[in-house]
Amino acid sequence: MTAFPEIKSIPFEGPQSKNPLAYRYYNADEKVEGRTMRDHLRFSVVYWHTFRGTGSDPFGPGCAVRPWEDGTDSVENAQNRARVAFEFIEKLGAPFYAFHDRDVAPEGATLAETNKNLDAVVKVLKEEQERTGIKLLWGTANLFSNRRYMHGAATSPNAEVFAFAAAQAKKALEVTKELGGAGYVFWGGREGYQNLWNTNMKRELEHLAKFLHMAVDYAKKIGFTGQFYIEPKPKEPTKHQYDSDAAACLNFLREYDLLPHLKLNLETNHATLAGHTMQHELEVAGAAGALGSIDANTGDMLLGWDTDQFPTDIYLTTQCMYSVLKYGGLKTGGVNFDAKVRRESFEPIDLFYAHIGGMDAFARGLKIAAAMRADGQLEKLLKDRYASWESGVGAEIEAGKHDFASLEKLMLEKGEAAANVSGRQEMIENLINTYL
Ligand code: XUL
Ligand code: CO
């Protein structure tokens with residue numbers, strides 16, 4: 001049985017190709033800065049959108065055509081879907097995938113039954129990983145869909161909900177380890193608030209930190225050595241999510257001694273919801289040594305919500321890959337397409353078009369970013385802009401040789417600071433366009 005009989009595999013045909021089912025830029029074995037595109041980009045397909053997305057929205061039910069689904073929530077259907085997922089990822093040629101526990105297997109009536117269902121599907125995932133060589137980029141627990149999590153999971157006012165979430169995360173960690181996952185993600189889910197009158201924020205944040213420490217401790221106990229990530233998002237589903245942006249996450253991690261254990265998984269549409277660019281979020285994380293992984297997607301500038309569209313904007317992917325290269329490349333992380341096809345794109349083949357477009361856009365962004373770095377003009381302009389810090393008083397300040405009094409003395413002697421130099425923003429933006 002094949003779910004995508006019309007596709008053998010997606011070939012690389014080069015920029016001249018007119019074949020919509022071929023890569024024009026993503027050439028897995030091609031080297032950029034001495035490393036293959038496969039290793040730079042570490043593309044990953046998400047299970048939740050690509051295999052569980054139905055195209056439902058607040059105005060109507062799902063309408064996606066998925067012939068392999070039998071319409072039941074059985075373990076058997078989930079196992080079959082897992083095989084279809086691997087057929088898709090293999091034909092696409094992506095090296096990784098990512099999932100939530102509840103994407104892959106149905107919930108049972110009790111926690112024990114749910115864990116049993118999960119084990120039955122994980123068995124198939126493992127077989128398929130071994131058959132195809134596709135690896136798990138990261139696992140995570142869905143701690144937000146079930147009604148028990150209506151007030152949050154680790155930040156719930158109901159202590160038994162915290163306990164249930166801990167049990168669920170424990171199992172998800174075990175499963176991630178079992179599948180050799182390179183990482184494990186915590187996204188806030190409903191960890192936030194709708195109304196501060198009924199919320200003890202300090203207590204909730206302490207509980208969230210405790211939860212993360214328990215995860216770190218348990219990983220150590222079972223020998224899970226994958227990277228932990230926290231994924232910032234400012235709103236949706238709560239009006240204020242505690243992990244609102246990269247800076248808020250870093251502050252939280254630092255405050256509760258978690259910074260050595262977690263890096264950031266940055267998502268483009270979450271950055272825009274936070275009123276930032278993705279480039280901003282990448283720079284904030286990179287500067288703190290916490291750039292971990294990317295949830296690649298894009299929002300729609302005319303819509304204010306998390307539309308999770310596939311990224312096709314070369315300017316955006318260039319910015320992403322420039323920052324990634326600048327901070328030493330993706331290590332345990334990857335370019336994970338946390339993106340869904342539009343409701344109107346209801347056919348299975350649309351899943352291919354969507355991923356091909358995203359992968360080509362990132363491959364192109366990688367090549368452009370590498371060309372910018374090889375050329376060195378931007379780097380030089382940046383260096384020149386800070387030239388005053390290379391010697392004299394700038395170098396002395398950086399070396400800790402000054403205080404307010406000594407700087408006052410210097411400026412009283414000089415009377416005025418040296419003249420400023422133009423920021424050259426327009427010239428630099430024009431320069432960037434020459435590489436595109
Ligand atoms: C939600 C979101 C999640 C996380 C994993 O907006 O991005 O899918 O990536 O829980
Ligand atoms: Co995400």
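Helix axes here are lines fitted to C-alpha atoms over the stretch in contact, and the angle between two of them runs from 0 to 180 degrees between N-to-C directions. With that in hand, welcome to this structure, which is a predicted model. Two packed helices are described by the angle between their axes and the distance between the axes.

Let us begin with helices H11 and H12, whose axes lie 7 Å apart and meet at an angle of about 55°. Angles under 35 degrees count as roughly parallel and those from 65 to 115 as roughly perpendicular, and H11 and H12 are therefore oblique to each other. Their crossing is right-handed. If you follow H11 along the contact, you will meet residues including Ile-314, Thr-317, Met-321, Tyr-322 and Leu-325. On the H12 side, the partners include Ala-361, Phe-362, Leu-366, Ile-368 and Met-372. Sorted by class, this contact holds twelve nonpolar, three polar and three charged residues.

H11 and H12 also take us to an open space in the model. Both are among the elements that give two or more residues to the lining of the second largest pocket, alongside helix H10 (278–287), helix H13 (377–385) and helix H16 (425–435). This pocket has a volume of about 790 Å³. Of the 23 residues that line the pocket, Gln-279, Tyr-322, Leu-378, Leu-382 and Ile-428 lie nearest its centre. Tyr-322 is worth finding on screen, as this residue of H11 also takes part in the contact with H12. The pocket lining is made up of ten nonpolar, six polar and seven charged residues.

Just before H11 in the chain there is a backbone detail to look for. Asp-308 sits in the loop between strand E11 (291–295) and H11. Although Asp-308 is not a glycine, it has a positive phi of about 50°.

Now move back along the chain to two other helix pairs, which share helix H6. Helix H5 (residues 111–132) packs against H6 (residues 159–178) at an angle of about 15°, and their axes are 11 Å apart. Angles under 35 degrees count as roughly parallel, so H5 and H6 are roughly parallel to each other. H5 passes H6 in a right-handed crossing. In this contact, Leu-111, Asn-115, Leu-118, Asp-119, Val-122 and Lys-126 of H5 meet Phe-164, Ala-167, Lys-171, Val-175 and Glu-178 of H6. These residues divide into six nonpolar, one polar and four charged.

H6 also packs against H7, here at an angle of about 35° with the axes 10 Å apart. H6 passes H7 in a right-handed crossing. From H6, the contact draws on residues including Phe-162, Ala-165, Ala-169 and Leu-173, while H7 brings, among others, His-207, Phe-211, Met-214 and Tyr-218. By class, the contact of H6 with H7 has ten nonpolar, one polar and three charged residues.

From H7 we can step to a closed space. Rolling a probe the size of a water molecule over the atoms shows where empty space is left. The model has one cavity of 30 Å³ or more, and about 150 Å³ of space lies in the largest cavity. Strand E6 (183–187) and helix H7 (201–222) are the elements that give two or more residues to its lining. The largest share, four residues, comes from E6. In total, 18 residues line the cavity, and those nearest its centre are Leu-143, Phe-186, Trp-187, Gly-188 and Glu-191. Nonpolar residues account for 13 of the lining, with three polar and two charged residues beside them.

One last stop lies further along the chain. Pro-237 is found in the loop between strand E8 (227–231) and strand E9 (240–241). The peptide bond that joins Glu-236 and Pro-237 is cis, with omega at about 0°.

Key: Residues are numbered from 1 along each chain as its sequence is written. Chains are lettered from A and ligands numbered from 1 in the order in which they are written. This is a predicted model: local features need pLDDT of at least 70, side-chain atom pairs count only at pLDDT 80 or more; totals for chains, interfaces and linings use all residues. Side-chain values use heavy atoms; hydrogens and water are left out. On a 1 Å grid over the protein atoms alone, a cavity is a set of points where a 1.4 Å probe fits but cannot get out, and a pocket is an open set with protein on both sides within 12 Å along at least five of seven lines; lining residues have an atom within 4 Å of a point. Grid points are joined across faces, edges and corners, and a volume is the space filled by probe spheres set on the points. Ala, Val, Leu, Ile, Met, Phe, Trp, Tyr, Cys and Pro count as nonpolar, Asp, Glu, Lys and Arg as charged, and the others, Gly among them, as polar. Angles under 35 degrees count as roughly parallel, over 145 as roughly antiparallel, 65 to 115 as roughly perpendicular and the rest as oblique. A crossing is left-handed if the near helix is turned anticlockwise from the far one by less than a right angle, and right-handed if clockwise. Contact means heavy atoms within 4.5 Å.
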